[in-house]
Structures are given as C-alpha cells and as structure tokens.
Amino acid sequence: MANIKIVRLLSGEEILGDIELENEYVIVKNPTRIVVVPGKDPNNPQIGLMPFCQWAVDKEVSVNISMVVCILTPIADFVNQYNKTFSSILVPDTGLVLPT
C-alpha cells in the first residue's frame with residue numbers, strides 16, 4: 001500500500017512521493033517537487049507537480065534523515081494528482097459517480 005507523504009528538506013524543497021523509512025534514510029519512490037507556477041490571474045498562482053530531478057532515470061531517491069525537516073500528510077488533491085500520474089488505478093474527479 002502506498003504511503004504518500006510530503007518530505008520537507010532543509011533546502012526548503014518539498015518532495016511528494018511514496019516513502020519508506022529505512023535506517024537513517026527516507027526512501028522516496030517516484031519523487032515529485034511541489035512547485036508554484038504563475039496562473040492566468042497573477043493573484044491566484046497554481047500549484048503543480050514536477051519531477052524531483054528531471055534529468056535522472058532513477059525512480060527513487062534516498063535522503064539522509066538529517067536533511068529532513070519534517071514529513072507531512074498531503075491534502076487529498078495532491079494525493080489524487082500523484083496517483084493519476086503514477087498509478088494504474090483511475091481516480092475519479094470529486095463528486096458522485098452514478099450508474100448510467
């Protein structure tokens with residue numbers, strides 16, 4: 001079962017991914033960065049997910065626990081977006097799903 005969390009690093013970066021704790025490391029599978037991007041309205045920026053290191057082929061990263069400020073549970077919208085990107089499970093948009 002996935003353990004989707006936000007890992008805040010000493011550098012200020014926030015990584016969203018499926019994490020495991022292993023000895024003195026946080027292993028993040030399919031790591032993504034949470035970034036703020038300009039929206040159409042300058043007063044309403046958008047939040048997006050980008051690859052943690054877009055030039056690497058690795059699908060997981062090991063972070064020494066001494067570099068971690070905290071580990072947090074993300075809001076449902078982030079988890080749904082992450083799952084849409086990395087899972088073969090289809091996540092419905094919010095609202096009721098009714099039979100037709």
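**Strand pairing, side-chain contacts and a surface patch**

At 33% relative accessibility, R8 counts as partly exposed in this predicted model, and its side chain meets that of E14 in a salt bridge with an N to O distance of 2.9 Å. The partner residue E14 is likewise assigned to the partly exposed class, since its relative accessible area is 25%. A search of the whole structure finds 2 salt bridges. Besides the contact of R8 with E14, a salt bridge links E20 to K29, and here the closest N and O atoms are 2.6 Å apart. E20, at 35% relative accessibility, is partly exposed, and K29 is also placed in the partly exposed class, with a value of 27%.

The strands that surround these contacts are paired as follows. Strand 1, which spans residues 4-9, runs antiparallel to strand 2, which spans residues 14-22, and the two are joined by 5 bridges. Within this pairing, K5 has G17 of strand 2 as its bridge partner. The hairpin formed by strand 1 and strand 2 has 4 residues between the strands, and G12 in this hairpin adopts a positive phi near 100°. Strand 2 pairs in turn with strand 3 (residues 25-37), again in the antiparallel sense, over 7 bridges; in this pairing, I19 stands opposite V28 of strand 3. Strand 2 and strand 3 also form a hairpin, with 2 residues between them, and in its turn N23 has a positive phi of about 55°.

With regard to aromatic contacts, the structure holds 1 aromatic pair. This pair is formed by Y82 and F86, whose ring centres lie 4.8 Å apart and whose planes make an angle of 45°, an arrangement that is classed as tilted. Because Y82 and F86 are 4 residues apart in helix 1 (residues 76-86), about one helical turn separates them. The two residues fall into separate accessibility classes: Y82 has a relative accessible area of 3% and is therefore buried, whereas F86, with a relative accessible area of 36%, is partly exposed.

On the surface, L10, M67 and V69 make up a nonpolar patch of about 290 Å². Of these residues, M67 is located in the loop between strand 5 (60-64) and strand 6 (68-72), and M67 counts as partly exposed because its relative accessibility is 43%.

Definitions and conventions:
Residues are numbered from 1 along each chain as its sequence is written. This is a predicted model: local features need pLDDT of at least 70, side-chain atom pairs count only at pLDDT 80 or more; totals for chains, interfaces and linings use all residues. Side-chain values use heavy atoms; hydrogens and water are left out. Patches are made of residues with over 30% relative accessible area and no salt bridge: like charges are joined within 9 Å, nonpolar side chains (Val, Leu, Ile, Met, Phe, Trp, Tyr) within 5 Å. Accessible areas come from the Shrake-Rupley method with a 1.4 Å probe; for residues, only the protein chains shown count as cover. A salt bridge is a side-chain nitrogen of Lys or Arg within 4 Å of a carboxyl oxygen of Asp or Glu. Buried means under 20% relative accessible area, exposed over 50%, partly exposed in between (1.4 Å probe, protein chains only). Rings of Phe, Tyr and Trp (its six-membered ring) pair if their centres lie within 6.5 Å; planes under 30 degrees apart count as stacked, over 60 as edge-to-face and the rest as tilted. Two strands pair if DSSP finds at least two bridges between them.
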